[in-house]
Amino acid sequence: MERLGQHEFIIFGTIGYMMRWSTAGESHGCRLVAIIEGMPAGIEISTVGLEGELRRRRTGYGRGARQKFEQDSCRIISGVRHGKTLGSPIAIEIDNSEWPRWETVMSPDVVDPAELRKNSGSGDSHELARNKKLTRPRPGHADYAGAIKFRFDDLRNVLERASARETAARVALGYVAKEFLRQVAGIVIAGRVVALGTATAVNKTVTLADIQTIEDSPVRASDPHSEQLFIEQIDHARKTGDTIGGIAEVIAWNVPPALGTYTVWSERLDGQIAQAMMSIPAVKGVEIGDGFANAITGGSIAHDELALEHGMITRESNHAGGIEGGMTNGEPVAVRIAVKPIPTVPHALKTVDLATGEPVAANHQRSDTSAVVPATVIAESMLALTLASALLERAAGNHLQDIQIHLENLADQHGAFFENELGS
């Protein structure tokens, strides 16, 4: 057998390098749990970095009172030692600071019915309301369909898991994925709001230089004028007792080409990204690049023409959003999501009480005026998790350095391919 060079190695299949992740927990349960498998050893992560990412999801203009209670106290409980991943499954817990108020209502063990008919003794005027069975499905939520699917007569069994609170666990895992992408390949991901209510941002191409401006903006706007327009939209909705939706954009820079594939429909990367984005609560539409605008544009200007400069393929535009034929093409990956207005509105919507059949007003609890700002951060995490999985499939390895070497080899092969083709 021929001896392998210093930077050469054999991979006997990639099934062992598959990345898998999952979350567990209810909105008012004792904690959320997030687990990710397949991350290589050697990635530097920290509790401080994790807390910072969760804070980005929790803050922002237009957020409601609940964010003051959800402090996202978290801890990494496995898969990391002394600041570096071990290659084993990583598990993260995010505690519910309000758990003492919900311990009886959300107890995993059988509770004496009498306990659900009395105040907890804490002086909390909402305790009895928490204990009551919920039978009024809220329009725009999973309540009704979920009750039918699982034969529930108490809608709390649905809304606790369907709640967007679960996305805190996704953001925790997204932090791990972001660090992996950044450290192994220099990939940077950032999101901004491009429309809120009836206001639309200045049409500009966002670059890495704009990230700090976006981070400093309470509405994740990329320029001061758009920021002011978005704040006015939120203020108006709050005053009129309404909620508003909008559009968020997430971009990943420095993504290597050829992640994903055209050969199998389920492995096309644009399809995987779309599914990941649509899984975010309140998201009702996804486009990659100028997807919807391209639909009404002539083909002569809708595509990104190629040119050769200094031995490198370049493009003057990125209408495709960095993906062609289900694969990355070396340009920034750009994704936009349409976020619907939050359906829990102060002016309670009409519904039907499933216990009586009578028309009633839906229950209303504290909520945000708009979910677009936090949805942007969540979308960053979903893109990071999707790209991390695709990169691990393309360049598998047990340690961060193994993957870096593999990516270098792929880049060398890419360069050699063009040299040979051009030379012929």
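**Figure 1. Arg-151, out in the open on a loop.** With a relative accessible area of 79%, Arg-151 is exposed in this predicted model. Look for Arg-151 in the loop that links α5 (143-150) to α6 (156-162). The backbone deserves a glance here too: Arg-151 isn't a glycine, yet its phi is positive, near 60°.

**Figure 2. Asn-254, another positive phi in a loop.** Asn-254 is not a glycine either, and its phi is positive at about 65°. This residue sits in the loop between β10 (246-253) and α10 (269-278). Is Asn-254 buried, partly exposed or exposed? A relative accessible area of 46% makes Asn-254 partly exposed.

**Figure 3. α7 against α13.** Here helix α7 (residues 167-185) meets helix α13 (residues 372-394), with axes that come within 7 Å and cross at roughly 50°. That angle makes α7 oblique to α13. As for handedness, the crossing of α7 and α13 is left-handed. On the α7 side, the contact includes Arg-170, Leu-173, Gly-174, Ala-177, Phe-180, Leu-181 and Val-184. From α13, the partners include Ile-378, Glu-380, Met-382, Leu-385, Ala-388 and Leu-392. Sorted by type, the residues of this contact come out as 15 nonpolar, 3 polar and 3 charged.

**Figure 4. α10 against α13.** The axes of α10 and α13 come within 9 Å and cross at roughly 145°. Which way does α10 pass α13, left-handed or right-handed? The crossing of α10 with α13 is right-handed. From α10, Leu-269, Gln-272, Ile-273, Ala-276 and Met-277 do the touching. They meet Ala-379, Met-382, Leu-383, Thr-386, Leu-387 and Ala-390 of α13. The split for this contact is 9 nonpolar, 2 polar and no charged residues.

**Figure 5. Inside the largest nonpolar core.** This core holds 74 residues, and Met-39, Phe-180, Met-277 and Leu-383 touch the most other members. Helix α13 supplies the largest share of the core, 14 residues. Zoom in on Met-277 and, leaving out residues up to four places away in sequence, you'll find it touching Val-283, Val-286, Val-335, Ile-337, Ala-379, Met-382 and Leu-383. Apart from the largest core lies another one of 7 residues, with Val-206, Ile-211, Ile-214 and Ile-251 among them. As background, nonpolar side chains tend to be buried together in soluble globular proteins.

**Figure 6. Ala-375, tucked away in α13.** Ala-375 belongs to helix α13. Its relative accessible area is 4%, so Ala-375 counts as buried, the cut-off being under 20%. Setting aside neighbours within four places in sequence, Ala-375 is in contact with Ile-337 and Val-339. What separates the C-alpha atoms of Ala-375 and Ala-282? They are 8.4 Å apart, while the two residues are 93 residues apart along the chain.

**Figure 7. Stepping back to the whole chain.** The close-ups come from a protein with 14 helices and 18 strands. How much of the protein counts as buried? Of its 424 residues, 45% do. Among contacts with a separation of 6 or more, 70% are between residues 24 or more positions apart.

Technical notes
Residues are numbered from 1 along each chain as its sequence is written. This is a predicted model: local features need pLDDT of at least 70, side-chain atom pairs count only at pLDDT 80 or more; totals for chains, interfaces and linings use all residues. Side-chain values use heavy atoms; hydrogens and water are left out. Axes are lines fitted to C-alpha atoms, for helices over the stretch in contact, and angles run from 0 to 180 degrees between N-to-C directions. Helices (H or I, at least four residues) and strands (E, at least two) are DSSP runs, numbered from the N terminus. Angles under 35 degrees count as roughly parallel, over 145 as roughly antiparallel, 65 to 115 as roughly perpendicular and the rest as oblique. A crossing is left-handed if the near helix is turned anticlockwise from the far one by less than a right angle, and right-handed if clockwise. Contact means heavy atoms within 4.5 Å. Ala, Val, Leu, Ile, Met, Phe, Trp, Tyr, Cys and Pro count as nonpolar, Asp, Glu, Lys and Arg as charged, and the others, Gly among them, as polar. A nonpolar core is a set of buried Ala, Val, Leu, Ile, Met, Phe, Trp, Tyr and Cys residues joined through side-chain atoms within 4.5 Å. Buried means under 20% relative accessible area, exposed over 50%, partly exposed in between (1.4 Å probe, protein chains only).
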